[in-house]
Amino acid sequence: MATTEETPTRKIQVKRFKPEEYPEKHYLNQEKGLWAWLTTVDHKKIGLMYLMSVAFFFLVGGVLALLLRTELLTPARNFMTADVYNQVFTLHGAIMIFFFLIPSVPAALGNFVLPLQLGAKDVAFPRLNLASFYIYVIGALFTITAIFTGGIDTGWTFYTPYSSTTGGSVAMMTLGVFILGFSSILTGLNFIVTIHKLRSPGITWNKLPLNLWGLYATSLIQILATPVLAITLLLLTMERVLSIGIFDPALGGDPVLYQHFFWFYSHPAVYIMIVPGFGIVSEIISTFSKKVIFGYWAIALSSLAIAFIGFLVWGHHMFTAGQSSLANMVFSFLTFLVGIPTGIKIFNWLATMYKGSIDLKTPMVYILVFLFLFTIGGFTGIMLGALSVDVHLHDTYYVVAHFHYVMMGGMVMAFLGGLHYWWPKMFGKMYSEFWGKIAAGIIFVGFNMTFLPQFIMGSQGMPRRYYNYIDQFQAFHQFSTIGAYIMGVGFVIIAAYLLHSLLRGEKASSNPWGSRALEWQTSSPPDLHNFKHTPVIINGPYDYHKPMSEFQLGIATPHNGHGHHEEEGMDVAETEKEKA
Amino acid sequence: MNSLSDFMLPPAKSTLAGQTDALFNFINVTSLIFLIGITFAIIYFSWKYRRRSENDVTPVITHNNKLEITWSVIPLILVIIVFGWGFTGYMNKATPPNDSYEIRVVGKSWLWEFHYPNGYVSVGELHVPEDRPVKLVMSSTDVIHSFYIPDFRVKKDVLPNRYTSLWFEATDPGESVVFCTEYCGNAHSNMMATTIVHTQEDFQSWLETAGSADENLTPVELGEQLTTRNACTTCHSVDGSVLQGPSFQGLFGSEAPLESGETVSVDENYIRESILEPQAKIHEGFQPVMPSYAGTLDDNQINAIIEYIKTLD
Ligand SMILES: [Cu+2]
């Protein structure tokens, strides 16, 4: 563990910069017009454009989910044919994963806060950042084209040989996801370079906010795993379009090879979706407990450990696929290992709350919901990692419930927490605390009503991706559907009060939560260039025992030498940015 | 604990179920203990340490090695137990005893075919003896399927380019449902079958009569039997109602409009072709979902089906 004594330091003249409250000019009004938005290289605006896009796709994916749940109210046909149902569940999965979950935290929230937390003006490659956004848009256009030119019914996993033989626009869709991958890779690359190169004076690795450790680990996975998905989808497209036999046995290929390739990306992708959520949880828990985070290094390194081990567990999606017993044993073992760092995080967060000063504001409520739901997601993951039990539970509703507890109960709750947490910073407006908590409560109830019965159904044998089912499961399905509607109501409430906040919301101060983290030491909303000074960091982002004034330091320039009495010399640890 | 698994799990009807269920219960109970502890901590801390004033001062606790090692090592030990337990259970499921009774299973979109050692083929019904290990050697004729009997806690993917196998020993005579659990398209959720467990003697006599009984039937009677046994009737009604496919009633001698725009008259040759190569000509307004019965039905049986369809007008 690095301590200040070992790090090379140098003296910097600093002074206190109190953030300007309720600024007249900020990044939302310094450049005006649609064109300025579409061509902006400002990471905050790009983040907001991503936020709008992911919100749109979440809406689409959510409506599709409600359609599915409605169809499942009765065992036989309600209002969709089997073909339509199959397309709808494919789209629900593909949209939620590729267009919502993967970009939601890194590209939307991450883009907004990453440079702010570093005290940087922008990401390292602002133009590339804009390019990532447009690549995302192009990928989305391909997918939308695919939906309207025949649709696709393969499931989001595109398993061969079904996907190489079924009708519809599979090639268009996989091409869309292929393109999307580049957006993800470029964002990851940008973040890694930014974190290495653009840290303000004093932000050493042990003062890096945990949110950035999360994004850093995520970016590593993004740039290492996404190319494999790209290659796989390209091979699949070649097989479909040019009849080159790779996965389809009818052409001499091997369908299980596809599954290996696919999960080699898609399992790490699960961590692309959840690890940045861990970052948000750490930030919010510390802020609303007003207490230094417990086990900083344990949390930071466990994210990296998860990212690393996460590459070695893909085979646990294939325990029943005819893989050798030895492979199954190894993959099962590694799967359990990945559970340990995850468990450690939960305990660290609880320990942070211990003896804290806990303020149950909306973001914190979401994080507590996260802790509960994600713990269930984790334990049911242990259940699925156990080989003999997985043989029974694989491809049933148990798995469906498990990954919804992880992805929705975990990631989406963390995302909502982060959204509510940084909302005042993004727009300079507060939202209704009352409605915020009501919505969180409704979503919590609705979520559990939707997915708890699915654990039971799954254990009893209800297979996933079923359009019809046998009568014995009907009561569970109906309960689940009602839960889904309730959850839908919760999201409508969120949309309503956030919209109200944008239009009529009370103005937010620069630091409404009293956080020590750097992004709160500039005005809300921030200036186009984030800070009007170069921040200097002498404390960790969670040092609540230090006075606020020590978190608002910046390099004193000779020109604005008015308050000489405020200036003082500080020993500040050197970062790469200065050495470079 | 038993009531928990009775509620969550289907009845345990194979020798492999006990071990799986025990581990299922162990993980559930352990998880529940942890979950209750964690939930309690969340609620208790949120209340006990709630913010009293904006100037609250909190202690500086950055880490605690002893605590952190404890909460890493205890879960580690637990998961290693679960791993070992799960792996041994899995090895049991993966190694069929040598004296297993072998049945060939063929999965095709969207039905299950069972070929018995004496050459008899049943569709949609798997007949097995009780208290005797049965090994299923499985393959698919098209996409990937997965063969799953919840009551037995067994499941295995069925692949088009290789054989996979699973085994079980049924403990109770009776019926259990079979599901396809690997998504395979339009009628994936209808790709079910029934496992019928007989006592050993019943199974023997079933097997002996199953094949030979056919010889004593008239072609029309045999045809009627074959259409139910081969699951034709799940898609084709005999009373004029339209299911997944056109009704058999009044089919023979009619003019069938095709997707291509042509019409064909339904004669012996057309029915034969429809059974062996169903995708060759698609009846207008229907999906090309009928599986091919080439290799399943022999000439004699196809003749019988044709004779039977002729009687339905
Ligand atoms: Cu299937």
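Mentor: A polar contact is a pair of N or O atoms within 3.5 Å, where one can donate a hydrogen and the other can accept it. Keep in mind that this is a predicted model.

Trainee: Okay, so what does the side chain of B:Ser205 reach at 3.0 Å?

Mentor: The backbone oxygen of B:Asp202. Because the limit is 3.5 Å, the 3.0 Å of that pair fits within it. B:Ser205 itself sits in helix α4 (residues 200–212) of chain B.

Trainee: Why is B:Ser205 called partly exposed?

Mentor: Buried needs under 20% and exposed needs over 50%. B:Ser205 has 38% relative accessibility, so it counts as partly exposed.

Trainee: And how far apart are B:Ser205 and B:Leu276?

Mentor: In sequence, 71 residues; in space, 31 Å from C-alpha to C-alpha.

Trainee: On to the metal. What makes a residue a donor of the copper ion?

Mentor: An N, O or S atom within 2.8 Å of the metal. B:His145 (ND1), B:Cys180 (SG) and B:Cys184 (SG) lie 2.0 to 2.5 Å from the copper ion, so these protein atoms qualify. Their spacing in sequence reads H-x34-C-x3-C.

Trainee: Are the cysteines buried or exposed?

Mentor: With the cut-off for buried at under 20%, B:Cys180 at 0% relative accessibility is buried. B:Cys184, with a relative accessible area of 1%, is buried too.

Trainee: How do you know what length to expect for helix α10 of chain A?

Mentor: Take 1.5 Å times one less than the number of residues. Helix α10 (residues 296–309) of chain A has 14 residues, for which 20 Å is expected, and its first and last C-alpha atoms are 20 Å apart.

Trainee: Which residues of α10(A) are buried, and what covers them?

Mentor: Among the buried ones are A:Tyr296, A:Trp297, A:Ile299 and A:Ile306. Their cover includes α8 (210–242), α9 (255–289) and α11 (325–353) of chain A.

Trainee: What makes a set of residues a nonpolar core?

Mentor: They must be buried residues of the listed kinds, such as Phe or Leu, joined through side-chain atoms within 4.5 Å. The largest core here has 246 residues, and A:Phe98, B:Phe147 and B:Phe168 have the most contacts inside it. Helix α4 (residues 82–118) of chain A gives the largest share, 23 residues. A second, separate core of 24 residues includes B:Leu111 and B:Phe248.

Trainee: Last one: where does UniProt put the "transmembrane region" feature in chain B?

Mentor: The unreviewed entry places it at residues 23–47 and 68–87. Residues 23–47 of chain B are 100% helix, with end C-alpha atoms 36 Å apart. Residues 68–87 of chain B are also 100% helix, and their end C-alpha atoms lie 28 Å apart.

Notes:
Residues are numbered from 1 along each chain as its sequence is written. Chains are lettered from A and ligands numbered from 1 in the order in which they are written. This is a predicted model: local features need pLDDT of at least 70, side-chain atom pairs count only at pLDDT 80 or more; totals for chains, interfaces and linings use all residues. Side-chain values use heavy atoms; hydrogens and water are left out. UniProt positions are given in the numbering used here, feature names are shortened, and annotations may be inferred rather than shown by experiment. Helices (H or I, at least four residues) and strands (E, at least two) are DSSP runs, numbered from the N terminus. Buried means under 20% relative accessible area, exposed over 50%, partly exposed in between (1.4 Å probe, protein chains only). Donors are N, O and S atoms within 2.8 Å of the metal (3.2 Å for Na, K and Ca); water is not among the atoms, so sites may look incomplete. Contact means heavy atoms within 4.5 Å.
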